[in-house]
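Open the model in your viewer and keep the selection panel at hand. This tour goes from one selection to the next and says what is there at each stop.

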Amino acid sequence: MATLDALYQDLILDHNRKPKNYRSMENANRRAEGNNPLCGDRLIVWLLMDGDTIEDISFEGSGCAISLASASLMTTAVAGKTRQDAEALFVKFHRLVTGSLPTSDGQELGKLVAFKGVSEYPARVKCASLAWHALKAAMEQPNAVVSTE
Amino acid sequence: MPITDTGELDLDSFAALMTERTRIICLVHLSNALGTINPIKRIIAAAHQRGIPVLVDGAQSAPHLGVDVQDLDCDFFAFSGHKLYGPTGVGVLYGKEDLLDRMPPYQGGGDMISAVTLEKSTWAPLPSKFEAGTPMIAEVIGLSAAIQYVESLGLERIAEWEQQLLSVATERVSQISGLRIIGTAKEKAGVLGFVLDGVHPHDIGTILDDEGIAIRAGHHCAQPVMQHFGIPGTARASFGLYNTPEEIEALALALGRVGRMLA
């Protein structure tokens, strides 16, 4: 697949057009803001945690197709998971987008492998990982602000 | 200073912004984000009536317009080497001699002193007073070559060529559906900032890059300007002396691909 088509896969374009879990959450007990001041991307991630389990997750914000689709797919990937599982998934996802994940390890990522093409675009790694950094921060403290720049 | 929806300075509010507390007015000659050529000569004259000095940021105007600092009567004028097809890390600050004479050095070091004793120091004459330490020797020589190069082509010819490119590009991209040009001032130079419905500027940048077209995407270090237009940023094609109308056609065709891929 040509590099550009590998970056903008149909799954990513679909989630950019119609992001899942794109809403604020009134009964959230965790919230984090992700900012990339240089490119202007800004996301808010809300979590409803029951102990260590992510009961509900949502987000809102503005950004490029990669950052919005990544946030959308992230919410579908971690809903119902424990904090430990979500963090482990982020580690793998980060290796995927930076090109350091062995192909054999890709299976556990499920649909998230759509972001493999990001590894050819080092400048876009911060777009793909912004929502994940916000998720991690929200799990670590109730009200956090993070940046991937 | 507030701006209008065409991206021009709102001069009506300018007079009221000058007060007895205004020490200096600093403004850009040619906006990097909008392409607007600001009426700085008028602004300088109005500021001088109130005894206020003016510093002009000419990073864009020095390489793309003919600039005569004495005609403008600006007190300071700054531009950088890398926007003049020259090296990075070097630039020029012009200042009126009487102002520079009255200003203390901002940095100490070799070559900026005249005589030093334990009791006091005196400063070297201009411009050495402001050039402490080992200068950027290679960069200054490179900048000199760049200046000679653009002067050999003629800044007026360069400005004229870029003006033609801008008008061709403005007309061509205006035909693209969903595209809106940001910055439509009457007095404008070779900067074409735009947004495309449903497509983020950074995605435009990545797709055009794949087509071999280098643009800049984002807020262009002008976030308040983007806030004025209610957008996160723009995609910006800027024209230089080496660009051609064929490249503008390639840009327009590639923007079509962006729309097909993402919108």
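## Stop 1: two crossing helices in chain A

Start by selecting helix α3 (residues 65-78) of chain A together with helix α5 (residues 125-140) of chain A: their axes come within 7 Å and cross at roughly 40°. That angle makes α3(A) oblique to α5(A). If you look along the crossing, its hand is right-handed. A word before you go on: what you have on screen is a predicted model.

Now show side chains. On the α3(A) side, pick Ile66(A), Ser67(A), Ser70(A), Ala71(A), Met74(A) and Val78(A); they meet Cys127(A), Ala128(A), Leu130(A), Ala131(A), Trp132(A) and Leu135(A) in α5(A). Colour this contact of α3(A) with α5(A) by class and you get 10 nonpolar residues, 2 polar and no charged.

## Stop 2: the other partner of the pair

Keep α5(A) selected and add helix α4 (residues 83-97) of chain A. Here the packing angle is about 165°, and the axes of α4(A) and α5(A) are 11 Å apart. The two helices, α4(A) and α5(A), are therefore roughly antiparallel to each other. In this case the crossing of α4(A) and α5(A) is left-handed.

Which residues of α4(A) meet α5(A)? Select Arg83(A), Ala86(A), Glu87(A), Phe90(A), Phe93(A), His94(A) and Val97(A) in α4(A), and opposite them Val125(A), Ala128(A), Ser129(A), Trp132(A), Leu135(A), Lys136(A) and Met139(A) in α5(A). The contact of α4(A) with α5(A) holds 9 nonpolar residues, 2 polar and 3 charged.

Leave Ala128(A), Trp132(A) and Leu135(A) highlighted for a moment: these residues of α5(A) are among those that meet α3(A), and they are also among those that meet α4(A).

## Stop 3: chain A as a whole

Zoom out and show chain A as a cartoon. You should find 5 helices and 4 strands. Traced along the sequence, chain A gives the pattern α-α-β-β-β-α-α-α-β. Its radius of gyration is 14 Å, close to the 15 Å that the globule rule gives for 149 residues, so chain A is as compact as a globular protein of that length. The C-alpha trace of chain A spans about 45 × 35 × 25 Å along its principal axes.

## Stop 4: where the chains touch

Bring chain B into view. The contact takes 11 residues from chain A and 12 residues from chain B. On the chain A side that touches chain B, the classes are 7 nonpolar, 3 polar and 1 charged.

## Stop 5: a mixed sheet in chain B

Select β1, β2, β3 and β4 of chain B. These 4 strands form an open sheet in the order β1-β2-β3-β4, with mixed pairing. At the edges stand β1 (25-28) and β4 (91-95) of chain B; each has a single partner strand, so one side of each is left without a neighbour in the sheet. Ignoring direction, neighbouring strands of this sheet are turned by 15° against each other on average.

Inside the sheet, look at strand β2 (residues 54-57) of chain B and strand β3 (residues 76-80) of chain B, which run parallel and are joined by 3 bridges. To see the register, label Val56(B), which stands opposite Phe77(B) in β3(B). Then add helix α2 (residues 40-49) of chain B: α2 lies across β1 and β2 of chain B and runs at about 160° to β2(B).

## Stop 6: an antiparallel sheet in chain B

Move on to β7, β8, β9 and β10 of chain B. The 4 strands form an open sheet in the order β7-β8-β10-β9, and the pairing is antiparallel. Its edges are β7 (179-182) and β9 (216-218) of chain B, each with a single partner strand, so one side of each is left without a neighbour in the sheet. From one strand to the next, the twist averages 30°.

Strand β8 (residues 191-196) of chain B pairs with strand β10 (residues 234-238) of chain B in the antiparallel sense over 4 bridges. Label Val191(B) and find its bridge partner in β10(B), Ser238(B). Helix α7 (residues 155-173) of chain B lies across β7, β8 and β10 of chain B, at about 10° to β8(B).

## Stop 7: two backbone details

Which peptide bond is cis, with omega near 0°? Select Leu126(B) and Pro127(B): the bond from Leu126(B) to Pro127(B) is the cis one. Pro127(B) sits in the loop between β6 (121-123) and α6 (137-153) of chain B.

Finish at Asp111(B), which has a positive phi of about 75° although it is not a glycine. You will find Asp111(B) in the loop between α5 (97-102) and β5 (113-116) of chain B.

Definitions and conventions
Residues numbered from 1 in each chain as written. Chains lettered and ligands numbered in written order. Predicted model: local features only at pLDDT ≥ 70, side-chain atom pairs only at ≥ 80, totals over all residues. Axes fitted to C-alpha atoms, helices over the stretch in contact; angles between N-to-C directions. Parallel < 35°, antiparallel > 145°, perpendicular 65-115°, else oblique. Left-handed = near helix turned anticlockwise from the far one by under 90°. Contact = placed C-beta atoms within 7 Å. Nonpolar A, V, L, I, M, F, W, Y, C, P; charged D, E, K, R; others polar. Pairing = 2+ DSSP bridges. Rg over C-alpha atoms; globule rule 2.2 N^0.38 Å.
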